[in-house]
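Here's a quick tour for anyone meeting this protein for the first time. Have a look at it below, and then we'll start with a question.

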Amino acid sequence: DGEALARLEAAEAQAAHAEGLACWLPEWGREVLRRLLEALETQERAPKGGGGWQAAYMLVQQRATAALLWSQFTAATFDAALPELLSRLRRSSLSDATKHFGAHLAAATFARPVEALGRAVPAFARLLSTGAGEAVALRPLSDGEVVWLLSLLAQTVRNAGAALLPHLPLLRSLLCAAEERAAAGGGRKVGKAA
């Protein structure tokens with residue numbers, strides 16, 4: 001049965017090739033993510049009046065790429081890539097790319113909501129607030145920093161579904177603290193973000 005033997009050899013060759021791909025794909029995926037995030041740090045805000053279509057097109061591409069990338073990560077690659085993403089929350093160089101950076105947070109949450117929220121919500125809470133439970137107060141951040149973090153938090157929880165339920169008390173406390181700051185003269189943008 002020469003034909004069956006040829007098929008078996010072809011299947012073994014394909015399995016060996018797939019095993020070779022599996023060795024470097026996680027590293028490749030993390031490198032693609034790193035480069036995408038680095039590119040966002042140099043992105044400039046879209047000019048008012050003209051050129052908005054390019055920014056909108058780039059956002060659509062960033063969302064599609066992020067969704068595909070994060071959904072294809074293995075559990076181990078996801079666990080290694082998420083801290084890298086969250087470590088960039090404090091970078092002011094990303095403030096012109098809020099929606100683009102948020103696309104990665106939303107994609108990570110959509111891909112693995114329990115894992116992403118389990119790390120992201122506490123990270124946002126540490127950056128935004130002091131205290132715990134009902135006694136949460138906002139850190140002395142600028143209005144721009146508060147708006148930036150609240151905007152990213154909103155994109156993070158957007159696709160969370162039922163995985164969001166355990167985090168609702170903390171999120172409610174954070175939003176109440178932001179609303180109190182806005183009411184106390186914290187600025188219209190903080191109130192709108194909250």
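## The second largest pocket

How do the residues of the lining of the second largest pocket divide into nonpolar, polar and charged? In this predicted model, the split is 7 nonpolar and 4 polar, with no charged residues.

The pocket itself holds about 180 Å³ of space. Its lining is made up of 11 residues, and L25, P26, G29, Q72 and F73 sit closest to the centre. Two helices, α1 (2-41) and α2 (52-72), each chip in at least two lining residues. The largest share belongs to α1, with 5 residues.

## Where two helices meet

Now over to helix α4 (residues 98-111) and its partner α5. Two packed helices are described by the angle between their axes and the distance between the axes. For α4 and α5, the axes come within 6 Å and cross at roughly 135°, so the two helices are oblique to each other.

On the α4 side, the contact is made by L105, A108, T109, F110 and A111, while α5 brings P113, A116, L117 and F124. Sorted by class, this contact of α4 with α5 has 8 nonpolar residues, 1 polar one and no charged ones.

## How confident is the prediction?

Across the protein, the average pLDDT is 84, and 85% of the residues score at least 70.

Which elements have the lowest and the highest mean pLDDT? Helix α8 (residues 188-193) is at the bottom with 58, and helix α5 (residues 113-128) is at the top with 94.

Note on methods
Residues are numbered from 1 along each chain as its sequence is written. This is a predicted model: local features need pLDDT of at least 70, side-chain atom pairs count only at pLDDT 80 or more; totals for chains, interfaces and linings use all residues. Side-chain values use heavy atoms; hydrogens and water are left out. On a 1 Å grid over the protein atoms alone, a cavity is a set of points where a 1.4 Å probe fits but cannot get out, and a pocket is an open set with protein on both sides within 12 Å along at least five of seven lines; lining residues have an atom within 4 Å of a point. Grid points are joined across faces, edges and corners, and a volume is the space filled by probe spheres set on the points. Helices (H or I, at least four residues) and strands (E, at least two) are DSSP runs, numbered from the N terminus. Ala, Val, Leu, Ile, Met, Phe, Trp, Tyr, Cys and Pro count as nonpolar, Asp, Glu, Lys and Arg as charged, and the others, Gly among them, as polar. pLDDT is the predictor's confidence in each residue, from 0 to 100. Axes are lines fitted to C-alpha atoms, for helices over the stretch in contact, and angles run from 0 to 180 degrees between N-to-C directions. Angles under 35 degrees count as roughly parallel, over 145 as roughly antiparallel, 65 to 115 as roughly perpendicular and the rest as oblique. Contact means heavy atoms within 4.5 Å.
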